[in-house]
Amino acid sequence: EKMAEVDELSKPMFAGLSDVSISRDIPVEGEINVPVGTPSHDDEYSTLDEPVKDTILRDLKAVGKKFVHVMYPKKSSTLLRDWDLWGPLLLCVTLALMLQGGSVDSKEDGGPQFAEVFVIIWFGSVIITLNSKLLGGTISFFQSLCVLGYCIMPLTVAMVVCRLVLLGGSGMVSFIVRLIVVTASFSWSTFASTAFLADSQPSNRKALVVYPVFLFYFVIGWMILTFSPSA
Amino acid sequence: TMASPDDLKFQEFEEATDLLLADPGASTLSMSGSSSTALAGATGDIKLDMSDDEGQEESSELLRGEKQTSGFWTFEYYQSFFNVDTMQVLDRVKGSVMPLPGRNFIKHTLQPSPDLYGPFWICVTLVISLAISGNLSTFPNSLGSAHYHYRPQFHRVTIAAVVIFLYAWLVPLGVWGFLTWRQREERQQSGYSFLETVCVYGYSLFIYIPTSVLWILPFEWLRWLLILVAMVISGSVLVLTFWPVVRDDTKVTAFATVATIVVLHALLSIGCKMYFFQTATPTLNHTAAILTNKTH
């Protein structure tokens with residue numbers, strides 16, 4: 001009985017919809033897609049029912065695919081559409097952990113602490129995104145954060161390499177090697193993120209958007225280069 | 001005696017064609033709308049006349065008032081401050097390092113659209129270059145010392161950021177406030193908006209970026225020479241900008257204002273040099289650096 005009552009109540013609300021018809025003259029095209037990270041076939045079944053391994057693997061695959069995209073940057077709109085922030089978080093935490101507590105004479109003179117690196121990366125990404133949107137960019141806020149975060153990957157790799165090089169000694173040779181590695185990876189990061197971001201800007205403002213990105217990776221590269229292990 | 005409605009009509013049409021000749025792209029909707037209401041009476045027509053004559057001035061007034069068509073809570077309001085192209089920014093930077101007498105930075109390069117992109121990113125770059133160069137400058141000093149242990153001195157970045165950004169916002173606020181107050185007292189027409197003041201101060205800081213990089217070289221005489229050059233260039237941009245506004249005032253006020261602007265600018269550059277680029281003799285570097293860092 002209650003179901004019938006509900007049906008009775010809902011009937012007047014939806015009655016008018018039966019009058020709506022789409023004219024055959026107007027072609028209705030396109031996707032009505034809410035851009036979420038997961039592909040659309042998931043809507044057919046709830047992800048609560050699948051084994052946890054599948055859920056994790058799917059997200060890991062998405063993250064891994066983006067890492068590959070950063071390694072070989074070519075324009076790809078799928079990367080921008082399916083944004084996620086797992087990759088940037090992972091990279092940021094790794095980098096911050098490796099960078100912290102650089103040198104030890106006094107707490108003040110040391111290298112950046114974990115929180116400082118974290119804040120620089122996220123705050124810097126937000127500011128760059130705001131900047132590009134204020135200049136009239138068409139990229140969305142989180143897409144931009146996603147791209148900037150993923151393009152930190154070459155610098156994280158450089159950090160790992162630097163730490164390994166420092167294990168062997170911290171003389172002039174190691175400094176030159178680290179300088180080359182950091183410079184190469186910082187250029188790679190800037191180039192990769194520009195490949196994704198520059199398209200969304202009007203052409204007479206591209207340099208205005210690229211410059212802050214260059215500054216951002218330069219600062220991160222500087223922090224990596226000047227890292228010296230505790231005595 | 002009132003002019004006949006036909007005369008009025010003909011007059012408006014003439015002015016409309018004049019305006020159209022001046023600006024072919026202008027929409028004519030507003031003219032036809034207002035002319036129909038102006039036909040109602042002479043007073044309405046006179047009002048329309050005056051607004052036509054001052055049409056150009058009014059639009060420039062509006063543009064100087066930053067065209068606040070959206071409220072400050074909308075995104076578009078802030079977008080209007082970033083309405084610049086790459087070439088415009090480069091021109092403004094060039095104008096800030098090459099001050100020519102008689103060329104007012106604001107009137108020449110900034111109007112009609114001052115921007116916030118330049119000041120903001122110049123300040124950020126300046127903070128970064130000060131911190132990095134200050135860091136690097138300790139390096140040549142210590143080449144002889146065996147005890148040298150590299151210190152990133154990361155906390156200095158925070159101090160640099162606070163100082164530079166406070167200067168770039170508070171000083172223009174003070175200058176603009178003072179000038180606007182004097183303007184009201186003396187009933188002068190020309191004055192700069194707050195955005196333009198911030199803009200000229202921001203761009204004037206640009207010369208300090210290459211200066212701070214050159215400060216790495218450990219020659220004291222060179223550093224003071226660089227400060228002098230930078231202050232002359234940057235100070236003259238400011239003076240050339242503010243002098244035309246201030247000179248109609250009493251002599252004392254005019255000179256005092258300009259002197260204050262220059263002195264504050266000098267304090268900033270000397271303060272930055274002393275804080276970030278400490279010189280110490282190489283043998284005493286280690287202990288001196290620790291002592292000075294502890295006092296900060």
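## A nonpolar patch on chain B

In this predicted model, B:Leu214, B:Leu217, B:Phe219, B:Trp221, B:Leu225 and B:Val229 make a nonpolar surface patch of about 590 Å². Patch residues have over 30% relative accessible area and no salt bridge, with nonpolar side chains joined within 5 Å; areas are Shrake-Rupley values with a 1.4 Å probe, and a salt bridge is a Lys or Arg side-chain nitrogen within 4 Å of an Asp or Glu carboxyl oxygen.

H12(B) gives the largest share of the patch, three residues. B:Val229 sits in that helix and is partly exposed at 43% relative accessible area (buried is under 20%, exposed over 50%). Helices here are DSSP runs of H or I with at least four residues.

## The cores

The largest nonpolar core (buried nonpolar residues joined through side-chain atoms within 4.5 Å) has 60 residues, and B:Tyr117, B:Leu130, B:Ile164, B:Tyr201, B:Leu205 and B:Phe242 touch the most other members. Elements giving it two or more residues include H9 (206-225) of chain A and H12 (220-246) of chain B.

Beyond its neighbours within four places in sequence, B:Phe242 has contacts (heavy atoms within 4.5 Å) that include B:Val175, B:Tyr201 and B:Ile261. A separate core of 37 residues includes A:Met98 and A:Phe186.

## Confidence and conventions

Chain A averages a pLDDT (predictor confidence, 0 to 100) of 77, with 70% of residues at 70 or above. Among its elements, H1 (residues 2-15) has the lowest mean, 55, and H9(A) the highest, 89. Where pLDDT is low, don't read the predicted coordinates in detail.

Residues are numbered from 1 along each chain as its sequence is written, and chains are lettered from A in the order written. Local features need pLDDT of at least 70 and side-chain atom pairs 80 or more, while totals for chains, interfaces and linings use all residues, and side-chain values use heavy atoms, without hydrogens or water.

Technical notes:
Buried means under 20% relative accessible area, exposed over 50%, partly exposed in between (1.4 Å probe, protein chains only). Patches are made of residues with over 30% relative accessible area and no salt bridge: like charges are joined within 9 Å, nonpolar side chains (Val, Leu, Ile, Met, Phe, Trp, Tyr) within 5 Å.
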